[in-house]
Amino acid sequence: LLPYASYVARAVFLHSLAFNDQLRGASRDQVRYSVLSPDTDISFIDDAMTRFQQESAYLDDRPSVPLRFQAEANLTQIIRRQEAQVDPTEVRNHLVDEIRRLFKGDTLNTIAFPAGPYEVPDDDGNGRPYLVIIGFDAAEIQGDVLEVPELVGTIYQTHGSGGDLRKNRNNVVFLVADASRKAEMRHKMERRLALQDLRRPERLNELAPHQQEEMRSRAHRSEQDVAVAIQQTYRHILFPSRAKLETTDLDLGHTSLEVPAASEAPGAGQKQVVEKLRENNKLRVAEDDPDSPTYIRDRTPLKKGYMTTAALRTEFRRDPALPMLVTDDPFIRAVRMGIERGENVYQR
């Protein structure tokens, strides 16, 4: 492509050299006329102007003024300088807190940033499966290489500090960060913290009135930007499945949250995970239809003759071929359906 950004910047700069202040600068139309030629595309010129206005550190940022350079730094440059002063440790701590908040919910038991298997229980979870959020500094998944991280494999196979085998392997789901999006997630939190600091009254009073209003608007948007960036980063879901990945011997399948979908509902992290698992026919909630009694019988020790309903319910937490149940309702309906069809006999 032609150097559209340089063309736009050069045109704005030359228009900024006019002697009288009322003559300084150029409108968007004037910049188009200055740059347009038989070899240029006007849509690319407009895109370059938009990006130039967003990123230029010395462009006049007052509303309704022509495009022109100033000697003083504008709000963009002020924010950049503040971002450079944000402590990386503070960025990480705030990200950890925000990730915990975004993926907290009433459907799954959330366990965030476990250091090892001993932090993920091997019990019934009071009827709810566990959603294990792997720390973004501990493990990641490359967008084009779907391999199970070592930490995920260890937690999936074992529990406790002694390395005991995990029995309830069908009761745990993993959420892992996308390696290519981690930097953007950190940058969004860095900007949010910088804007929060600049919103302090003593800092805000140093800015022009139009900059103060823009600062408040950007600070408000940054809250949503961080939520979107986190959900776009934590898009990989690893769940128990016999249809396992080709790169592992573990019974773990993979699905991912679509980036546009994560952007549409920031703050509803766990809800999106639940819906994705339901789409993959892996999770059952209270209103979902039960599985076929015949399928349940053939997949469990019930095919040998008989077993208690409690033991049958436990199989749903152990066998990756069965769905994960959030409540007992679908299980109870499946048992009753089997009795009504004459496939099972219930004895109290």
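Asn281 sits in the loop between helix H11 (269–279) and strand S8 (283–284); helices (H or I, at least four residues) and strands (E, at least two) are DSSP runs, numbered from the N terminus. Keep in mind that this is a predicted model, where local features need pLDDT of at least 70, side-chain atom pairs count only at pLDDT 80 or more, and totals for chains, interfaces and linings use all residues. Residues are numbered from 1 along each chain as its sequence is written, and side-chain values use heavy atoms, with hydrogens and water left out.

**Exercise 1. Two asparagines in loops**

Find the phi of Asn281, and say whether Asn281 is buried or exposed.

Solution. Start with the backbone: most residues other than glycine have a negative phi. Asn281, though, has a positive phi, near 60°. Next, check the cover. Buried means under 20% relative accessible area, exposed over 50%, and partly exposed in between (1.4 Å probe, protein chains only). Asn281 has a relative accessible area of 52%, so it counts as exposed.

Now do the same for Asn126. Its loop runs between strand S1 (109–112) and strand S2 (130–133). Phi of Asn126 is near 55°, again positive without being glycine. With a relative accessible area of 75%, Asn126 is exposed.

**Exercise 2. A strand and its partner**

Work out how many residues of strand S7 are buried, and which residue in S7 is the bridge partner of Ile237.

Solution. Strand S7 covers residues 252–256, and four of its five residues are buried. Then look across to strand S6 (residues 236–240): five bridges join S6 to S7, and the two run antiparallel. Strands pair if DSSP finds at least two bridges between them. Pick out Ile237 and you land on Thr255 in S7 as its bridge partner.

**Exercise 3. The whole chain**

Explain why the protein chain counts as more spread out than a compact globule.

Solution. First, take stock: the protein chain has 14 helices and nine strands. Its radius of gyration is 28 Å, well over the 20 Å that the globule rule gives for 348 residues, so the chain is more spread out than a compact globule. (The radius is taken over C-alpha atoms, and the rule is 2.2 Å times the number of residues to the power 0.38.) Then look at the box: the C-alpha atoms fill roughly 95 × 45 × 35 Å along the principal axes. Finally, check the burial: 45% of the 348 residues count as buried.
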